[in-house]
Amino acid sequence: MNSVQTPSPAMPGQEAQMLPLRDIKLPSEPGFWPLAPGWWLLLILLSLVLIWLAIKWYRYHQKKRRWLAINEQLSALEFAYKKDQDKRQLLTEISVFLRRFVKYQLRQDQATTLVGEQWIAYLNLYDPKQPFAAYLSALTAGVYQADCDYDAEGLLHTTRAFIKQQVMHPTPITAAGQQEPQHV
């Protein structure tokens with residue numbers, strides 16, 4: 001019977017003579033560079049987030065600078081009022097100040113042509129609490145009267161709050177005169 005014979009194991013000393021093998025060399029450790037594709041994606045995403053944050057920071061500080069400059073002008077009006085106690089002069093200056101603010105900061109040129117109740121209604125469009133409704137007669141007719149009684153401190157406070165709101169967190173008004181929804 002013909003059977004397949006397996007070779008007999010070689011002696012330990014004979015093994016090296018039979019097969020010319022070299023020593024095993026392990027591959028080198030993977031280097032830090034170049035980065036794997038996942039790291040590149042992470043770096044790109046992180047860079048985009050940092051750029052977005054820098055833009056938000058820059059815009060916020062521009063708004064803050066604008067608010068500080070406008071607030072300084074309001075403070076000058078308030079200082080002049082406290083010095084002179086002239087309500088009519090304050091009313092005139094606040095009326096002009098509000099119209100300039102609407103024209104140059106809110107960029108609503110057509111709104112500055114409004115008079116009387118339409119002007120106050122326009123100002124109240126920006127706030128559902130209708131803050132200028134209490135000063136309707138003062139801001140419409142009081143400017144033209146020699147003696148007008150109104151709450152001067154309240155008007156200064158309302159004007160300051162309105163302007164700060166519109167500079168720091170603007171509420172856009174659509175062409176139909178409605179507030180646009182706020183996007184957070």
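Contact, as the word is used in these legends, means heavy atoms within 4.5 Å.

**Figure 1. Overview of the all-helical chain in the predicted model.** The secondary structure of this predicted model comes to six helices and zero strands, and the pattern read along the sequence is α-α-α-α-α-α. Of the 184 residues in the chain, 26% count as buried. Among the contacts with a separation of 6 or more, 56% are accounted for by residues 24 or more positions apart.

**Figure 2. Helix H6 and what covers its buried residues.** The buried residues of H6 are Ala152, Gly154, Leu155, Leu156, Thr158, Thr159, Phe162, Ile163, Gln166, Val167 and Met168, and the elements that cover them include helix H2 (37-84), H3, helix H4 (116-124) and helix H5 (136-140). The 17 residues of H6 should span 24 Å at 1.5 Å a residue, and this agrees with the end C-alpha atoms, which are 24 Å apart. An α-helix has 3.6 residues a turn, so residues three or four places apart point the same way.

**Figure 3. The packing of helix H3 (residues 87-105) against helix H6 (residues 152-168).** The two helices pack at an angle of about 10°, with their axes 11 Å apart; because an angle under 35 degrees counts as roughly parallel, H3 is described as roughly parallel to H6. The crossing in which H3 passes H6 is left-handed. On the H3 side the contact is made by Lys87, Leu90, Leu91, Ile94, Phe97, Leu98 and Phe101, while H6 contributes Ala152, Leu155, Leu156, Thr159, Phe162, Ile163, Gln166 and Val167. By class, the residues of this contact of H3 with H6 divide into 12 nonpolar, two polar and one charged.

**Figure 4. The packing of H2 against H3.** The axes of H2 and H3 come within 9 Å and cross at roughly 165°, and the two helices are therefore roughly antiparallel to each other. The crossing of H2 and H3 is right-handed. Arg66, Ile70, Gln73, Leu74, Leu77 and Tyr81 of H2 make the contact with Lys87, Leu90, Glu93, Ile94, Phe97, Arg100, Phe101 and Gln105 of H3, a set of residues that comprises eight nonpolar, two polar and four charged.

**Figure 5. The packing of H2 against H6.** Here the axes of H2 and H6 come within 9 Å and cross at roughly 170°, so that H2 and H6 are roughly antiparallel to each other. H2 passes H6 in a right-handed crossing. The residues of H2 that make the contact are Tyr60, Lys63, Lys64, Arg66, Trp67, Ile70, Asn71, Leu74, Ser75, Glu78, Tyr81 and Lys82, and those of H6 are Ala152, Glu153, Leu156, Thr159, Arg160, Ile163, Lys164, Val167 and Met168. The contact of H2 with H6 holds 10 nonpolar, three polar and eight charged residues.

**Figure 6. The surroundings of Gln166 in helix H6.** Gln166 has a relative accessibility of 4% and therefore counts as buried. When residues up to four places away in sequence are not counted, Gln166 touches Phe101, Leu106, Tyr126 and Thr171.

**Figure 7. The surroundings of Ser95 in helix H3.** Ser95 has a relative accessible area of 9% and is buried, since buried means under 20% relative accessible area. With residues up to four places away in sequence left out of the count, Ser95 touches Leu139 and Val143.

How values were computed
Residues numbered from 1 in each chain as written. Predicted model: local features only at pLDDT ≥ 70, side-chain atom pairs only at ≥ 80, totals over all residues. Heavy atoms only, no water. Axes fitted to C-alpha atoms, helices over the stretch in contact; angles between N-to-C directions. Helix = DSSP H or I, 4+ residues; strand = E, 2+ residues; numbered from the N terminus. Parallel < 35°, antiparallel > 145°, perpendicular 65-115°, else oblique. Left-handed = near helix turned anticlockwise from the far one by under 90°. Nonpolar A, V, L, I, M, F, W, Y, C, P; charged D, E, K, R; others polar. Expected span 1.5 Å × (residues − 1). Buried < 20%, exposed > 50% of the residue type's maximum accessible area, 1.4 Å probe, protein only.
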